[in-house]
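Subject: Structure for you to look at

Hello,

Here is the structure I said I would pass on. Please open it and keep it in view while you read the notes below.

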Protein chains: 2
Amino acid sequence: MFSKTTEYALRAAIYIAQEGSENNKISIVAIAKAIDSPQSFTAKILQLLTRDSKVISSVPGPNGGFYMTEAAKQLPVYSILVATGEDITLNKCVLGLDKCSESKPCPMHPRYKSIKKQLLQLFETETIGKLATDAKLGSVFIKN
Amino acid sequence: MFSKTTEYALRAAIYIAQEGSENNKISIVAIAKAIDSPQSFTAKILQLLTRDSKVISSVPGPNGGFYMTEAAKQLPVYSILVATGEDITLNKCVLGLDKCSESKPCPMHPRYKSIKKQLLQLFETETIGKLATDAKLGSVFIKN
DNA sequence: TTTTCAACAGATAAAATTATCCGTATAAAG
DNA sequence: CTTTATACGGATAATTTTATCTGTTGAAAA
């Protein structure tokens, strides 16, 4: 459904929200290990979420690493999708038409409409922190 | 949502179902023009739907081209997704975990579950012919 | 102040996807 | 039978996505 970039971004954010805090920062090495992702590539992706967007915080040097503020943990999953540019993909038409709309729909449009609405609602409603809490409770996993 | 390959495959199949029949075959030139897609690439994709899968029929030579039998028009949209390898994507986990399942779910799994069910149902229920009929009536479009 | 540890930034590389080109095979038309 | 129009197949190229590497910067610890 999403690009690798977005998948790693989501998993990393969930893990950071789960284990990290301002006085317990997580290194990229630990993150890549925890979510089973390519380390360098994941580092690049985290730059999108720190520098560009402000979903994740980071500090270099000894005892440095990544963490999320309590406020950031309340952000919707959708904010990650925006940071990786996936919100555009999500809003696209099933048949790939640029100008598919209510007034000029593709054949799938009326049938897909309500599903797309549910998808957007899901990502806008669900917070990163909520997913992280679930993962911490041990009922769900972010690694194979 | 889908790859370009799948998008072109869907649009092409809908157009062929709409305009083509055993005694009115459509050339690749006409198809690419009608759905506004790169011609050579679309030709390659149609090979997946003719040689490999049997969703679309073809005949070379003068008055040759592509068409769909009435039986093939009754096939679900899902059969196109299978031909382009997209069914795998559709069955993938939101976070990209290979082994996300009911017994070892990712944090998105329980929340995405019902949406995924609707998506699969949509593609399994809807037929290529139905979409083509709608397009022929002029209420929906397969080109920008 | 110096050392050390970790993120940052830019360059580069590998792989997958998207796209084109051209000669060949095939079937119908003349 | 020859010509012609079309799909077929393989090779190749361009672009995008995924991934790695290396040196630099910044902040804390020593």
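Helix 7 of chain A passes helix 7 of chain B in a left-handed crossing. The model is a predicted one. In both chains helix 7 covers residues 109-125, and the two helices pack at an angle of about 165°, with 10 Å between their axes. Angles over 145 degrees count as roughly antiparallel, and so helix 7 of chain A is roughly antiparallel to helix 7 of chain B. On the chain A side the contact is made by Arg111(A), Tyr112(A), Ser114(A), Ile115(A), Gln118(A), Leu119(A) and Leu122(A). Chain B contributes Arg111(B), Tyr112(B), Ser114(B), Ile115(B), Gln118(B), Leu119(B) and Leu122(B). By class, these residues are eight nonpolar, four polar and two charged.

For orientation, chain A has eight helices and two strands. Their order from the N terminus is α-α-α-β-β-α-α-α-α-α. The C-alpha atoms of chain A fill a box of roughly 55 × 30 × 30 Å along the principal axes.

Next, the DNA.

Strand D is surrounded by 25 residues, and the closest are Pro38(A), Gly61(A), Ile28(B), Lys44(B) and Ser58(B). Of the strand D atoms within 4 Å of the protein, 61% belong to sugar or phosphate and the rest to bases. Two contacts involve phosphate oxygens of strand D: a polar side-chain atom of Thr5(A) lies 3.1 Å from one, and a polar backbone atom of Ile28(B) is 2.9 Å from one. A base is reached as well, with an N or O atom in the side chain of Lys44(B) 2.8 Å from a base oxygen of strand D. The elements giving two or more residues to this surface are helix 1 and helix 3 of chain A, along with helix 3, strand 1 and strand 2 of chain B. The surface near strand D has 11 nonpolar, 11 polar and three charged residues.

Around DNA strand C there are 25 residues, of which Ser27(A), Ile28(A), Lys44(A), Ser58(A) and Pro38(B) come nearest. Here 65% of the strand C atoms within 4 Å of the protein belong to sugar or phosphate. Phosphate oxygens of strand C lie 3.0 Å from a polar backbone atom of Lys4(B) and 3.1 Å from a side-chain N or O atom of Thr5(B). Helix 3, strand 1 and strand 2 of chain A, and helix 1 and helix 3 of chain B, each give two or more residues to the surface near strand C.

Regards

Terms used. Residues are numbered from 1 along each chain as its sequence is written. Chains are lettered from A and ligands numbered from 1 in the order in which they are written. This is a predicted model: local features need pLDDT of at least 70, side-chain atom pairs count only at pLDDT 80 or more; totals for chains, interfaces and linings use all residues. Side-chain values use heavy atoms; hydrogens and water are left out. Axes are lines fitted to C-alpha atoms, for helices over the stretch in contact, and angles run from 0 to 180 degrees between N-to-C directions. Helices (H or I, at least four residues) and strands (E, at least two) are DSSP runs, numbered from the N terminus. Angles under 35 degrees count as roughly parallel, over 145 as roughly antiparallel, 65 to 115 as roughly perpendicular and the rest as oblique. A crossing is left-handed if the near helix is turned anticlockwise from the far one by less than a right angle, and right-handed if clockwise. Contact means heavy atoms within 4.5 Å. Ala, Val, Leu, Ile, Met, Phe, Trp, Tyr, Cys and Pro count as nonpolar, Asp, Glu, Lys and Arg as charged, and the others, Gly among them, as polar. A residue is near a molecule or strand if one of its heavy atoms lies within 4 Å of it. A polar contact is a pair of N or O atoms within 3.5 Å; within protein, one must be able to donate a hydrogen and the other to accept it, and residues adjacent in sequence count only if both atoms are side-chain atoms.
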